[in-house]
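Work through the exercises below with the sequence and the coordinates open. Each task is followed by a solution in steps.

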Amino acid sequence: MSNTLRPYLACVRSTLTAALTMQDFPSQVAERHNVPEIEAQSTPEVLLTPLLISRNSSEQVLIEPSINSVRISIKIKQADEIERILAHKFTRFLMMRAEAFVILRRVPVKGYDISFLVTNKNVEEMLKHKLVDFVIQFMEEVDKELSEAKLSLNARARIVAESYLSQFP
């Protein structure tokens, strides 16, 4: 992990740890239902202030807490068109397999690349610090994977261009 990324991830980690303090809260609208309030947005009293953590304008994390759920939306760094395409393909691949990741949403929040939804049931079933570690590790790994994919793509493009141009004397 680079030194510039460390304070950003530490801030995300401490904010997530605080935001994941949730409790069971039945719906105020429908009897005997327990829905994530951040998704339903039916009771404004239980929605807390959204927190935006920014490393720069193209790399952000939006944490939207409520009394019984937290939505975490991540904007992945995309410096050029190649990174934009790679990030879109990668996140689409993951979101198509959202069942395997219990907390991953199928559709991200508008303006973000990928979103997670953590409910109080998830915190009860799993360890809170492990959920935070998963999100932080995901942020580290997605950046690394996209960098490696871009390097691999550029290397392949260079080899193809050299073999094509070698045909012409």
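A cavity here is a set of grid points where a 1.4 Å probe fits but cannot get out, and its volume is the space filled by probe spheres set on those points. The model is predicted.

**Exercise 1. Find the cavities of 30 Å³ or more in the whole structure and describe the lining of the largest cavity.**

Step 1. The search of the whole structure returns two cavities of 30 Å³ or more.

Step 2. The largest cavity holds about 100 Å³ of space.

Step 3. Its lining consists of 13 residues, and those closest to the centre are Glu-59, Ile-74, Met-139, Val-142 and Asp-143.

Step 4. Assign the lining to elements: α1 (5-19), β2 (59-65), β3 (69-75) and α5 (128-165) each give two or more residues. The most comes from α5, with four residues.

Step 5. Sort the lining by class: seven residues are nonpolar, five are charged and one is polar.

**Exercise 2. Which residues line the second largest cavity, and of what classes are they?**

Step 1. The volume of the second largest cavity is about 40 Å³.

Step 2. Its lining is made up of Lys-77, Glu-83, Asp-143, Leu-146 and Ser-147.

Step 3. Three of these residues belong to α5, which is the largest share of the lining.

Step 4. By class, three residues are charged, one is polar and one is nonpolar.

**Exercise 3. Give the strand order of the open sheet, and explain why β1 and β4 each have one side without a neighbour in the sheet.**

Step 1. The four strands follow the order β1-β2-β3-β4, and their pairing is antiparallel.

Step 2. Because β1 (51-56) and β4 (114-119) stand at the edges, each has a single partner strand, and one side of each is left without a neighbour in the sheet.

Step 3. From one strand to the next, the twist averages 10 degrees.

Step 4. Take the antiparallel pair β2 and β3: six bridges join these strands. In one bridge, Leu-62 is partnered by Ser-73 of β3.

Step 5. Add the helix that packs on the sheet: α1 touches β1, β2 and β3, and its direction makes about 10 degrees with that of β2.

**Exercise 4. Classify the aromatic pair of Phe-101 and Phe-134, and state what the pair ties together.**

Step 1. Across the whole structure, five aromatic pairs are found.

Step 2. For Phe-101 and Phe-134, the distance is 6.4 Å centre to centre and the angle between the planes is 35 degrees. Centres within 6.5 Å count as a pair, and planes under 30 degrees apart would count as stacked, over 60 as edge-to-face. The pair is therefore tilted.

Step 3. Phe-101 lies in the loop between α3 (81-96) and β4, and Phe-134 in helix α5, so the pair ties together parts 33 residues apart in sequence.

Note on methods. Residues are numbered from 1 along each chain as its sequence is written. This is a predicted model: local features need pLDDT of at least 70, side-chain atom pairs count only at pLDDT 80 or more; totals for chains, interfaces and linings use all residues. Side-chain values use heavy atoms; hydrogens and water are left out. On a 1 Å grid over the protein atoms alone, a cavity is a set of points where a 1.4 Å probe fits but cannot get out, and a pocket is an open set with protein on both sides within 12 Å along at least five of seven lines; lining residues have an atom within 4 Å of a point. Ala, Val, Leu, Ile, Met, Phe, Trp, Tyr, Cys and Pro count as nonpolar, Asp, Glu, Lys and Arg as charged, and the others, Gly among them, as polar. Two strands pair if DSSP finds at least two bridges between them. Axes are lines fitted to C-alpha atoms, for helices over the stretch in contact, and angles run from 0 to 180 degrees between N-to-C directions. Contact means heavy atoms within 4.5 Å. Rings of Phe, Tyr and Trp (its six-membered ring) pair if their centres lie within 6.5 Å; planes under 30 degrees apart count as stacked, over 60 as edge-to-face and the rest as tilted.
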